[in-house]
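Visitor: I would like to learn how to read a structure feature by feature. Could you take me through one, giving the general idea before each case?

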Amino acid sequence: MFDQSYKLKICSLFAGGGLFDYAFKQYFDIIWANELSPAAAACYRANIGDHIQVGDIQNIDPSEIPESDGYIGGPPCIDFSSNGRNNGESGETGHLIWVYYKLIQTKRPKFFLFENVSNLSVRHKETLERLVEAFDSVGYNVSFKTLDAADYGVAQFRKRVFVAGIRKDLGFTFDFPAPAAAQINVREAIGDLPVPTTAHSRQRVLGDFPNHVATWESPTPQRIIDVIQHPRSQWRGMRRLQWDYPSPTITAHVSKDGREHLFPSEPRRITVREGLRLMSVPDDFIIPAEVPLSHQYRIVGNGIAYHVADALAHALYTQFQVYDTTLAI
Ligand SMILES: C[S@@+](CC[C@H](N)C(=O)[O-])C[C@H]1O[C@@H](n2cnc3c(N)ncnc32)[C@H](O)[C@@H]1O
């Protein structure tokens, strides 16, 4: 395993419900986090810790944010997403990538790890290039890479771009972890789950198997059956998962109606637990029942797939440990 006594301190920005941090907390001491949504923060608190502060990061003076070895986080992606607004950095939340940059420039941690949708390196490539240059100009060795969760043992095609910076005086550049595992499919990820508890989507129930609660009112079973019997209706945006393939990307849209991620063999959307499994999140990550169901789905769709987060956290941990050991010799 790894040396529990060797834990660098990190702060987490745009922490969401804490999927990224759930992997990082194994290798790092997370001392502070920030998130705008109280519902997401409630999930974070239940699974990671009380160190999360709720509020708009733009209203927090950098001097109030603790000094730490590293900062991690993924600013909102809707303005960079091909399925989202695609307005880029001039969009409502797109400029937050520069808020992240300014914080790194001010704090000058040993490292940072930034995440966003892969479209930031495609349609918004010019923005990504300027961001990388900016990090370089304030003293970081920067590497970036698009990783597909399906290459890291996650039953989902999910491409995300990661930008890692190591402060230049440390003398190394982050090496991204190689794809680690064979592709797994929807059956392997969710096929063993019990029959879910049934509820109305406005009810706040945890379910017999936590977060495994089936709701049937949106989209209705009749609507789903109609789509299946008349495949042309697929054009209206409904999609069923297929047992023998990875899931298509789960986005925050799943919080609206779930019609793009219908259970493979029943006329219902996937449960939150099925979504978490498709993000490879361990079952001991439990979203509290008081978090409204739509927010629970948003936490899933916004998150970083656990096995990808784990591979990144482990790689950062190992590369820093090697660096520190070399210094000690
Ligand atoms: C892509 S999600 C992060 C998900 C997280 N990395 C995870 O793995 O669970 C981005 C988060 O930024 C939050 N956010 C948006 N605007 C913000 C702001 N101005 N200040 C702080 N957080 C903000 C959103 O509520 C959302 O939870």
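**Helices, a sheet and some unusual backbone**

Guide: Let us begin with a helix pair, bearing in mind that this is a predicted model: α3 and α4 are roughly parallel to each other, because an angle under 35 degrees counts as such.

Visitor: At what angle do helix α3 and helix α4 pack, and how far apart are their axes?

Guide: In general, two packed helices are described by the angle between their axes and the distance between the axes. Here helix α3, residues 96–107, and helix α4, residues 125–137, pack at an angle of about 10 degrees, and their axes are 11 Å apart. On the α3 side the contact is made by Ile97, Trp98, Tyr100, Tyr101 and Ile104, while α4 contributes Thr127, Arg130, Leu131, Ala134 and Phe135. Sorted by class, this contact of α3 with α4 has 8 nonpolar, 1 polar and 1 charged residues.

Visitor: Turning to a single helix, what should the residues of helix α9 span, and how far apart are its end C-alpha atoms?

Guide: Helix α9 covers residues 306–328, and at 1.5 Å a residue its 23 residues should span 33 Å; the C-alpha atoms at its ends are 32 Å apart, which agrees.

Visitor: Which residues are buried in α9, and what do the buried residues of α9 pack against?

Guide: The general idea is that an α-helix has 3.6 residues a turn, so residues three or four places apart point the same way. In α9 the buried residues include Val308, Leu312, Ala315, Leu316, Gln319, Phe320 and Tyr323. The buried residues of this helix pack against α1 (19–24) and against three strands, β5 (111–117), β6 (140–148) and β7 (159–167).

Visitor: That brings us to the strands: in what order do they form the open sheet?

Guide: Strands of a sheet pair through backbone hydrogen bonds, either parallel or antiparallel. In this model 7 strands form an open sheet in the order β3-β2-β1-β4-β5-β7-β6, and the pairing is mixed. The edges are taken by β3 (52–54) and β6, each with a single partner strand, so one side of each is left without a neighbour in the sheet. Averaged over the sheet, and with direction ignored, neighbouring strands are turned by 15 degrees against each other.

Visitor: Which strands run parallel to β4, and over how many bridges?

Guide: β1 is joined to β4 by 4 bridges, and the two run parallel; on this pairing, Ile10 has Gly70 of β4 as its bridge partner. β4 and β5 likewise pair in the parallel sense over 4 bridges, with Leu113 in β5 as the bridge partner of Ile72. Strand β4, residues 70–73, is covered on both faces, since Gly70 and Ile72 on one side and Tyr71 and Gly73 on the other are all buried, that is, under 20% relative accessible area.

Visitor: How many bridges join β7 to β5 and to β6, and in which sense do the strands run?

Guide: Both pairings are antiparallel, with 7 bridges joining β5 to β7 and 9 bridges joining β6 to β7. Towards β5, Ile166 of β7 stands opposite Phe111; towards β6, Val161 is the bridge partner of Thr146, and Arg160 stands opposite Leu147. Of the 9 residues of β7, 8 are buried, so this strand is largely enclosed by the rest of the structure.

Visitor: Which helix lies across β1, β2 and β3?

Guide: That is helix α2, residues 38–47, which lies across β1, β2 (29–35) and β3 and runs at about 170 degrees to β3.

Visitor: Finally, the backbone: which residues have a positive phi without being glycine, and where is the cis peptide bond?

Guide: Phe14 has a positive phi of about 50 degrees; it lies in the loop between β1 (9–13) and α1, and at a relative accessible area of 17% Phe14 is buried. Ser280 also has a positive phi, near 65 degrees; this serine is found in the loop between α7 (272–278) and α8 (293–302), and at 11% relative accessibility Ser280 counts as buried. The cis peptide bond joins Ser218 and Pro219, with omega at about -10 degrees, and Pro219 is found in the loop between β9 (213–214) and α6 (221–229).

Key: Residues are numbered from 1 along each chain as its sequence is written. This is a predicted model: local features need pLDDT of at least 70, side-chain atom pairs count only at pLDDT 80 or more; totals for chains, interfaces and linings use all residues. Side-chain values use heavy atoms; hydrogens and water are left out. The expected span of a helix is 1.5 Å times one less than its number of residues. Buried means under 20% relative accessible area, exposed over 50%, partly exposed in between (1.4 Å probe, protein chains only). Contact means heavy atoms within 4.5 Å. Axes are lines fitted to C-alpha atoms, for helices over the stretch in contact, and angles run from 0 to 180 degrees between N-to-C directions. Angles under 35 degrees count as roughly parallel, over 145 as roughly antiparallel, 65 to 115 as roughly perpendicular and the rest as oblique. Ala, Val, Leu, Ile, Met, Phe, Trp, Tyr, Cys and Pro count as nonpolar, Asp, Glu, Lys and Arg as charged, and the others, Gly among them, as polar. Two strands pair if DSSP finds at least two bridges between them.
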